[in-house]
Structure formats: C-alpha cells, structure tokens
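Q: Got a minute to go through a model with me? I'd like to talk side chains and packing.

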Amino acid sequence: MKINYTYSLLALSGGDVLTVFNSLFFILGGITVFMIGMNMMGHNIEKAAGRSIRRLMGKATVNRFAGVGTGAAVTALVNSSSATTVMIVGFVNVGLMTLTQAASVIMGANIGTTVSAFIMALSSAGGSQFSVGALFALVAFAGLVLTIASKREKIKQLGYILEGVGLIFIGLNVMSGAVNDLVESENIGSAIENMFISLGNGKSFLTWEIIVLFLLGAFLTALMQSSGALTAIVISLASSSLISLQMAMCIILGTNVGTCFTSVLSSAGASVNARRAAMVHLLFNVAGALIFIFPVAFAGKYIAEFFGGFIADTEWQIALFHMVFNLITTAVLLPFIKYLVKASCILVREKKRDVQEVYEALDTRLLKAPAVAVGQVRKQLLKMSEDAFKNYKLSLDMLLSGDLSGQDEFAKTEESINAQNKYIVNFLILLSSQEISETDEKKIGSFYRVSSDLERIGDYAENITEYAEKLSIDKLSFSDDAKKEILEMDLHLTNLYKHVTAVFRDSDLSFMPQVEFEENETDRMNAVMQQSHLRRMNEGRCDAETGAFFLQLAVNMERIGDHMHNIANSVLGYGHSAMSTK
C-alpha cells in the first residue's frame, strides 16, 4: 500500500504539482482568514460584553458547578479556550481567583470551545443549491457597511462582530474549496486517498497510527496555538471524505492536549499558583485524552456507527464527538478537582522567589481581558491610595510627636508608591493599545492622572517628614494652638480621603457634595492657619523659624487635599449616582 502511495506521488505531472501548491496556498490563506475572523469576533464580543464577563467571573467563586458554567459561557463568548485559560492564569496570578476555582473554570472552558466546532460544521451545510458560506459572506459585507457608515461605538462593535463571523465562514469555505480541488484531480486525489488509507482509513487501524494522529493533532495545535484552526482543517478534510470519524477523533484528542501549550507558555515567569493553574489545565486535558484514547482505539468503528445513527455528515459527527468528549471528561473529573489541584502543587513546588512582592503586580496576561484589566487597575490604585494616605498619617504623627522611629517604614512605603506608579503607567500604556470600550477608554485616561495624583500625595508626605526631621534636629516644636489647627486640618483631610475613596472605588458620584465640602474646608483651614500664624507672630508667641515650617505644612496639607479632589473629579467622565440607579 505504501509503495503504491509513493509511486503515485512520483507520477504526478507538472500541472498536478501546480495544483498541489495552489491548493496548499489557499489552505494557508483560509487558515489566516479564519483566525482573523475568530480574533475579530472574540475581541469585539469581549469588548462589548466586558461587564458581563466580569459578572460571570464573579460567579465562578460560588461553587464548582458555577465555575464550569462560567468557563463555558466566557469561552463561548470569546470563542477561544486558549484565551480563556490565559485569562484564568492571569486572574490566579494576581489573586482574583483561587486555584480550585480556576480548575472548574478551565473545565468549563473546554466545554465552551465546542461551540467553534459546530460553527465550522455549519459552514458545510446547504449542499450545491444553497451555500451557508455565501450567506455569511453577505453577513461580513453587512458588518463592513455598519463599521463604515455608523459613528456610534456600539454599532461599530456589532459591525466588527458580523465581519468576524463572516470571515470565519469565508476562511472555512476557502479551505474546503482548496481540499476539494485536490480531491477532484484524478492523480492527486488517488495519491491523497492512498495516504489516508495507509494511516488507518481502511479496514485496519493500528496502535502506531492512533499515536501518529494523536501526536500530529497535539503538535500542530501547539504550533498554531489554536485548536480551532486545526479542527477547521479536520472538518474540511472530513467534508471531502478524506478522513474517517475514527481518524478525526484521534486528532481531536491531540488538539485538546496541544491547546495546553498556550496556557503553559503564558504561565512562564508568573506566580507559583498561576503555573499550577496551567498545570491543572494540562493534567485535566491529558487525563481526558487517556480516558477516551482506548475506547477510540478498540471501539472506534462502533462509536462512529453510534454517532452515525444521529447524524449522517462526518463533519457534524466530529463536532458532536468534540462536545461529548468534553462533557464526559468534565463529568468524570469534576468530583476530583481537589486531587488535580494537589497533583499540580506536587508537580509545581513553591520556591522563595514566588513570594508576593511589596505590592500586587498587575499581570500582563490580563490584557487578554481588557475589561477585567481595567477593574484590576482600579483595585491597584486603591491599594496605592492606602499606601499614600498611610504615609501622610505617619509623617504627620512624626511631626507632632517628634518621634522619628517610623522613618524606615515611611521610606519603604514611599519606594513602593513610586514603583507602583511606574508599573501602573506602563501597564496602562499596554492596556490602551487593546480593543477597549468607550467607557473603559475614559477610565484608562483618568487612571493616568489618578496615579500621578497619588504619587504627588506621597511626595507631599515626604516633605512633611523632612519638616519633622528638621524640627527634631533644631529641637523646635509647635504651640498647642498651632497643633490644634493642624489636627483640625487633618480631620478634614481624613474625611475627604474617606469620601474620595467611596467615589473612586464604586464610580459613585453621590458622594461628590461631601467631597466638595471637605475640600473647601481644607482651603479655609489653610487661610485660617496663615492668619493665625501672623497673629501669633505679632503677639510674640511664635518664632520665625518654627512659623516658616508651620506655613509650609499648611500649604502641603492643602495641596494633598487638592490632589484628593482631583481623584474624585476624575470619575466625572464615566461615573454614576448610586441614588439614580436604584
């Protein structure tokens, strides 16, 4: 058989060779169009449904069944299990999700990706009189019209989604047409048929052939970093009757292992739990492949006959097998999530370098889910604001008490604030280049300014620490009246911080009246402190050197209030009133 196959290849004419190259180029082009369509559709659905995805991810914390449902829903939305697992690795890395929660979501992601196979199978429906691909080519054109003609962001997003859907079917049709051209060529078709017969499309189906097809599926998926692209090729071959369902099942099992390469790659350099999440994904998919490989090897024909009793077309049988495989694997392994997690902990051991740094770093893996990344930036800014206000309080305490023992703690926190500012700004630059909604674009623009305001609050706190140090060296202190005015100013700053935090944390503008009141009070207290200083100087109750520090302190505290006020005002472009939403 193999001798005949080799001879038939050598017997190809020059015209046949050109046909092979033309078809190969069209297949590669079809894969390209298909993957562009998948990315365009997934990115714009995620962009349009960012809040929905965040709510879905929140539900993953309820229980393992909610986690499976969440993973399936998110993957069906973004149309890529690889994208979902990369997001999950990022979530685990920054502490948004526990390892056990991640395991159930990963299982659900494998179920959600089966939607892609049904979309691909749909592309072959219709027969010679009606082409579904042609209908979706029209859908792509309709999407193009919407993106060109409309100025509204939501309409444009819908247009891009329709373009993506259309390009998926166009790419599938290009691949299918290229494969058909090869089959319809007498010499080439005979050579290809002999090749697949030698790989198990005939009466025999040996162990080595199963292994070859399985490894081929895993390798090509890892190479393309897309199980969907290889599944599309498999369905195109099946629609031309070049491969049997039994062969396709072996390749599909391989794609489920190969798709783990993306999550493993994304976990490189991440925290220990993030690498464990990638390991859970690998263990789950390998276990699923092992569960099914033996039935496919020894009872593949009976399985094919079973699916044939429901659906006649091989491409639909492949899609159905893909779904059944993932459903059964999830049902079998879901009760053993804790053991999968324990196995990942044994295989990926914790090392000292995996301990969290001074602050919780923003993970670039979150860029796969821009809407979630925006929420995480807000969380990090809130952490930065806590550090900045903590340092302000520490600096004021050292100033009033004369106890400078907190200087080391202050310096460490100030260093962290500066590092956070640089990291957040760099992350925002990367985030702003992603596909984001109009609202998130406004948030990102405001976050730049918020990070800068917080860094400046830290700088003013540093000034106050320097005043405390100079007063201590010169053995100077403020009068009781001066201290009373300082504490009154501090009370207004503390109230201002509380209300600004409420506005920024929840984008809730209903606290803005309190913010405005307290900010005005800091301005008033600055004026009061200036006038009181002049009165005490005239009365001889204050010396010039101590008075200079007092005046500088009043200005610095008022400036801290100004920057807090800026943070609250940054929400005006996208915030809402909690009262108006009830």
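Q: Let's start with Glu521: is that one buried or exposed?

A: Buried: this is a predicted model, and Glu521 has a relative accessible area of 15% in it. The cut-off for buried is under 20%, so Glu521 falls on the buried side.

Q: OK, and what does Glu521 form a salt bridge with?

A: With Arg524, and the closest N and O atoms are 2.8 Å apart. Both sit in helix 22, 3 residues apart, so about one helical turn separates them. Arg524 counts as partly exposed, at 36% relative accessibility.

Q: Which residues are joined into one network there by salt bridges that share partners?

A: Glu488, Glu521 and Arg524.

Q: How many salt bridges does the count come to?

A: The count comes to 7 salt bridges. As a general point, side chains of opposite charge can pair when their charged atoms come close.

Q: Which salt bridge links distant parts of the chain?

A: Try Lys393 with Asp490, where the side chains meet at 2.9 Å, N to O. Lys393 is in helix 18 and Asp490 is in helix 21, with their positions 97 residues apart in the chain. Asp490 is buried, with a relative accessible area of 9%, while Lys393 counts as partly exposed at 31%.

Q: And Asp387, what's its salt-bridge partner?

A: Lys383, with the closest N and O atoms 2.8 Å apart. That pair stays within helix 18, where the two residues are 4 apart, about one turn of the helix. Asp387 is buried at 10% relative accessible area, and Lys383 is partly exposed at 27%.

Q: Switching to packing. How many residues has the largest nonpolar core?

A: It has 57 residues. Those with the most contacts inside it are Leu381, Tyr392, Leu399, Leu431, Phe478, Phe504 and Met557.

Q: Which helices each supply at least two residues of that core?

A: Helix 18 (370-401), helix 19 (407-432), helix 20 (438-473), helix 21 (480-506), helix 22 (512-538) and helix 23 (544-569).

Q: Which of them gives the most?

A: Helix 18, with 13 residues.

Q: You listed Leu381 up there. What does Leu381 touch?

A: Skipping residues up to four places away in sequence, Leu381 touches Ile424, Phe447, Val450, Ser451, Leu454 and Phe504.

Q: Phe504 again! Which residue lies over the face of that ring?

A: Arg378, at 5.5 Å from the ring centre. There's also Arg456, whose charged end sits over the ring of Tyr460, 4.8 Å from the centre of that ring.

Q: Back to helix 22 for a second: is Thr522 buried or exposed?

A: Buried, with a relative accessible area of 0%. Thr522 lies in helix 22, and leaving aside neighbours within four places in sequence, Thr522 is in contact with Met489, His492, Leu493 and Glu558.

Q: How many residues are in the other core, the one lying apart?

A: That core has 29 residues, among them Ile235, Leu245, Phe292 and Phe307.

Q: Those Phe residues make me curious about rings. How many aromatic pairs does the structure hold?

A: The structure holds 11 aromatic pairs. Take Phe292 and Phe325: their ring centres are 5.0 Å apart and their planes are at 90°, so they pair edge-to-face. Phe292 is in helix 15 (residues 272-308) and Phe325 is in helix 16 (residues 314-333), so the pair ties together parts that are 33 residues apart in sequence. Both Phe292 and Phe325 are buried.

Q: And Phe307 with Phe321, why does that pair count as edge-to-face?

A: Their planes are at 90°, with the ring centres 6.3 Å apart. The cut-off for edge-to-face is over 60 degrees, so the pair qualifies, and the centres are within 6.5 Å as pairing requires. Phe307 lies in helix 15 and Phe321 in helix 16, so this pair ties together parts that are 14 residues apart in sequence. Phe307 counts as buried at 5% relative accessibility, and Phe321 counts as buried at 2%.

Q: Last one: which residues do ring pairs link into a cluster?

A: Phe292, Phe306, Phe307, Phe321 and Phe325.

How values were computed
Residues are numbered from 1 along each chain as its sequence is written. This is a predicted model: local features need pLDDT of at least 70, side-chain atom pairs count only at pLDDT 80 or more; totals for chains, interfaces and linings use all residues. Side-chain values use heavy atoms; hydrogens and water are left out. Rings of Phe, Tyr and Trp (its six-membered ring) pair if their centres lie within 6.5 Å; planes under 30 degrees apart count as stacked, over 60 as edge-to-face and the rest as tilted. Buried means under 20% relative accessible area, exposed over 50%, partly exposed in between (1.4 Å probe, protein chains only). A charge sits over a ring if NZ of Lys or CZ of Arg is within 6 Å of the ring centre and within 35 degrees of the ring normal. A nonpolar core is a set of buried Ala, Val, Leu, Ile, Met, Phe, Trp, Tyr and Cys residues joined through side-chain atoms within 4.5 Å. Contact means heavy atoms within 4.5 Å. A salt bridge is a side-chain nitrogen of Lys or Arg within 4 Å of a carboxyl oxygen of Asp or Glu.
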